[in-house]
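Please walk me through this model in the viewer. Tell me what to select at each stop and what is found there.

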Amino acid sequence: MAQGLIEVERKFVPGPGTEERLQELGGTLEHRVTFRDSYYDTPELSLMRADYWLRQREGSGWELKCPGAASVSGPHTEYTELTAEPSIVVQLCEVLGAVVPGAGVVAAVLGPLGLQLVASFVTKRSAWKLVLSGADGEERLLRVDLDTADFGYAVGEVEALVDKEAEVPAALEKIHHLSSLLGVLAQEKAPAKLIVYLQRFRPQDYQRLLEVYGSKEQP
């Protein structure tokens, strides 16, 4: 697989006092932004069923989330993020078992690979950042995104980006610590916006994913 950053994150249900609590903990509001996410897959959801998630974000371009090693179990997810379009195309062709000669642009391979729009929705986001010190004294930057989708679903996520798998356990420690400080219960899970969208508006596709993952958390 082409190299990319490893995203480790944990989702939670934000409350009315979450932003105030972030301020108390020394968090900084980076920005408030509104954007549209569009997800693509085959009619059979060949990507999502294999734990690959292809998204085009308004103003940011394409991203493919690829399954991480998941060396530590728990109420979190771990994915490698690819954002360079040639790398995304290579990975898509590999996962779908197809060859599209000379294509390094995602939009150019959607048709040949049978990929179509599966979901599209607008999110209002408050993006926060703060630095937590671990027991070893090492500091790590964490990001907290508080999202509200245009179909009425709100979710928060605590995220760290690391370069290699060996850094995941330390990142997870800080994520769980911050989640606890925010009042998130130890085993609390919150579904991703996309999953809730499919459940509400494309129930047959949602059932397809349930057959593979059950209640397992997805991005």
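Contact here means heavy atoms within 4.5 Å. With that cut-off, start at Asp205. Leaving aside neighbours within four places in sequence, Asp205 is in contact with Pro43, Leu45, Val118 and Leu198. Asp205 sits in helix H7. Is Asp205 buried or exposed? Its relative accessibility is 6%, so Asp205 counts as buried.

**The whole chain**

Zoom out. This is a predicted model. Colour it by pLDDT. The mean for the protein is 89, and 90% of its residues reach 70 or more. Among the elements, strand E3 (residues 53-57) has the highest mean pLDDT, 98. Strand E5 (residues 77-82) has the lowest, 88. Where pLDDT is low, the predicted coordinates should not be read in detail.

Switch to cartoon. The protein has seven helices and eight strands. Of its 219 residues, 47% count as buried. Now consider contacts between residues at least 6 apart in sequence: 66% of them join residues at least 24 apart.

**Helices H6 and H7**

Select residues 193-201, helix H6, and residues 203-213, helix H7. How are the two helices set against each other? They pack at an angle of about 125 degrees, and their axes are 6 Å apart. That angle makes H6 oblique to H7. Show the side chains at the contact. H6 supplies Ile195, Leu198, Gln199 and Phe201. H7 supplies Pro203, Asp205, Tyr206 and Leu209. By class, the contact has six nonpolar, one polar and one charged residues. Asp205, the opening stop, is one of the H7 residues in this contact.

**The largest nonpolar core**

Stay here and widen the selection. Which residues have the most contacts inside the largest nonpolar core? They are Met48, Trp53, Phe121, Phe151, Leu194, Leu198 and Leu209, in a core of 22 residues. Strand E6 (116-133), H6 and H7 are the elements that give two or more residues to this core. H6 provides the largest share, five residues.

A second core lies apart from this one. It has 20 residues, among them Val8, Trp128, Leu132 and Leu142. Select those four to find it.

Return to Met48. Beyond its neighbours within four places in sequence, Met48 is in contact with Tyr39, Asp41, Trp53 and Val118. Its other partners in that set are Leu194, Leu198, Leu209 and Tyr213.

**Strand E2 at Thr34**

Select Thr34, in strand E2 (residues 28-41). Thr34 is partly exposed, with a relative accessible area of 47%. Leaving aside residues within four places in sequence, Thr34 is in contact with Glu58, Val122, Thr123 and Lys124. Add Arg125 and draw a distance between the C-alpha atoms. Thr34 and Arg125 are 91 residues apart along the chain, and their C-alpha atoms are separated by 6.2 Å.

**The loop at Gly68**

Last stop: Gly68. Where does Gly68 lie? It is in the loop between strand E4 (61-67) and E5. Gly68 is partly exposed, at 26% relative accessible area. Not counting residues up to four places away in sequence, Gly68 touches Glu78 and Tyr79. Now add Glu7. Gly68 and Glu7 are 61 residues apart in sequence and 8.6 Å apart in space, C-alpha to C-alpha.

Technical notes:
Residues numbered from 1 in each chain as written. Predicted model: local features only at pLDDT ≥ 70, side-chain atom pairs only at ≥ 80, totals over all residues. Heavy atoms only, no water. pLDDT = per-residue confidence, 0-100. Helix = DSSP H or I, 4+ residues; strand = E, 2+ residues; numbered from the N terminus. Axes fitted to C-alpha atoms, helices over the stretch in contact; angles between N-to-C directions. Parallel < 35°, antiparallel > 145°, perpendicular 65-115°, else oblique. Nonpolar A, V, L, I, M, F, W, Y, C, P; charged D, E, K, R; others polar. Core = buried A, V, L, I, M, F, W, Y, C linked by side-chain atoms within 4.5 Å. Buried < 20%, exposed > 50% of the residue type's maximum accessible area, 1.4 Å probe, protein only.
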